[in-house]
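This briefing introduces a structure to a reader who has not met it before. Please view the sequence and the model together, then read the notes that follow.

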Protein chains: 2
Amino acid sequence: MREVPHFKLTLAYDGTALVGWQRQAEGTAIQQLLEDVLAILEGAPVTVHGAGRTDAGVHALGQVASVTLARAIDAQTLTRAMNAHLPETVRVLDAVEMPPAFHARFDAVAKTYRYRIWNTPVSSPFERYYAWHVPDPQLDVPAMALAARALEGRHDFASFQASGSPTTMTVREIFSSAITRDGALITYEVSGEGFLRHMVRSIVGTLVEVGRGRKPPEWMREVIASRSRIEAGRTVPPHGLVLVKVDYPAPGR
Amino acid sequence: MREVPHFKLTLAYDGTALVGWQRQAEGTAIQQLLEDVLAILEGAPVTVHGAGRTDAGVHALGQVASVTLARAIDAQTLTRAMNAHLPETVRVLDAVEMPPAFHARFDAVAKTYRYRIWNTPVSSPFERYYAWHVPDPQLDVPAMALAARALEGRHDFASFQASGSPTTMTVREIFSSAITRDGALITYEVSGEGFLRHMVRSIVGTLVEVGRGRKPPEWMREVIASRSRIEAGRTVPPHGLVLVKVDYPAPGR
């Protein structure tokens, strides 16, 4: 164990009642919950860096954060102590001690998001906080899958960036982009080196335009080429979105 | 459409904040929610008969109820009107008009229940109301599967009846009884002609004794043969239980 331990934390959270990753003027943020618990354990303020800033209502199965502590503590004790103090909606799944240079955000090489749509006339009592309910019509998933595939590769994704975002570097590589149906549940899963603000949710809004038959699958290429937010579909609700995992280079790479 | 329509309703509900199927002195029951909504639509009191009386905290993916209405209404309109008035935690999945003799409870020929266990040290933010958390040890699922299979067939299940239950007819036929693991999630699924009060939950308590290695799989036969509640494992928490479906004879049989 190092004198000053540095950790990679893997986190799951139900974002329903939270204002998202980042501290806000009102409401409870995930970052804040983690920093408050660590401050109790440390007896001093602690800063936690997250791999991605999930919005209010967005969930995580495998968010990653990095943190440097002043006191020596082993990973297992840290996990147990944090989970004992955190609300049940936020869990530390794993803690691993890392070299001091590790940074959850800057070292991430890939992120995977999933967006879930409940596509049947009657909503589900069990999916009301975890899937966007699209009552009808039955969406054309094969057409959506064709459109989804057009996102793969390196593209300028300016069309899918939240309006008002300051980022001018809007080129990203998408490794995989696929959509499948299992009964009433439609699942879109996308992996890429990084995502712009609201990017996954406005991609899904664009896919749903295709799924409703309002636009052909080839329209996705036009939307990308336009580099204009108003060409794409609307930003769909946050509660269908989950940050599935964040990948880092294999140790020693 | 008949003058006096009689319906079979298929229902899903999240039992977390409900006191169970049957009306209680305090809290909200599913039967009560349905009867209150139907009374508004009918302008008169209505009685709903459920296939099974699920306890507080128990969920349903396919509970069945029967109801006779005084006013003519078609199945689709009834479904929409009920869902418009019910809380989001309770949904009418389907309504079918039936012959007047149909009774959800007396005509049922099989019920299927599922019990979910989250078996890993860290709990899940997404399963906290839908699976019983057994942090450790890792349960021996193959041994539990052997014990589960011993329940299949026609047996006297007095050992698994809630203490104080008045029922003396405790013989039931179990059609299938199986348990599987998928990562941290262990799922027990049992189908039978009927179940005694708390029967599935005390079966799971008994299976977990085997899974913890405290008893061998063969112990299940001894517990059944004893016909004594104190020989079986404890009644596990309700929130892991879900009524999956209720079967009826095929029409015309």
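In which hand, left-handed or right-handed, does H1(B) cross H2(B)? The crossing of H1(B) past H2(B) is right-handed, that is, with the near helix turned clockwise from the far one by less than a right angle, whereas anticlockwise would be left-handed.

The model is predicted, so local features need pLDDT of at least 70 and side-chain atom pairs count only at pLDDT 80 or more, while totals for chains, interfaces and linings use all residues. Residues are numbered from 1 along each chain as its sequence is written, chains are lettered from A and ligands numbered from 1 in the order in which they are written, and side-chain values use heavy atoms, leaving out hydrogens and water.

**Helix packing in chain B**
- Helix H1 (residues 30-42) and helix H2 (residues 75-85) of chain B pack at an angle of about 115 degrees, their axes 10 Å apart; axes are lines fitted to C-alpha atoms over the stretch in contact, and angles run from 0 to 180 degrees between N-to-C directions.
- Helices (H or I, at least four residues) and strands (E, at least two) are DSSP runs, numbered from the N terminus.
- H1(B) contributes Leu34(B), Val37(B), Leu38(B) and Leu41(B) to the contact, and H2(B) contributes Leu78(B), Ala81(B), Met82(B) and His85(B); contact means heavy atoms within 4.5 Å.

**The two copies**
- A turn of 180 degrees with a shift of 0.0 Å along the axis lays chain A on chain B with an RMSD of 0.0 Å, superposed by least squares on the C-alpha atoms of residues with pLDDT of at least 70 in both.
- The two copies are therefore related as by a two-fold rotation axis.
- Phe126(A) has the C-alpha of chain A nearest the axis, 5.2 Å from it.
- The copies meet through the same surface, because 100% of the interface residues of chain A are also interface residues in chain B.

**Nonpolar core**
- The largest nonpolar core has 72 residues, and Phe160(A) and Tyr188(A) have the most contacts inside it; such a core is a set of buried Ala, Val, Leu, Ile, Met, Phe, Trp, Tyr and Cys residues joined through side-chain atoms within 4.5 Å.
- Helix H4 (residues 199-211) of chain A gives the most to this core, with 7 residues.

**Gly240(A)**
- Gly240(A) lies in the loop between helix H5 (219-226) and strand S10 (241-247) of chain A.
- Gly240(A) counts as buried because its relative accessibility is 1%; buried means under 20% relative accessible area, exposed over 50%, and partly exposed in between (1.4 Å probe, protein chains only).
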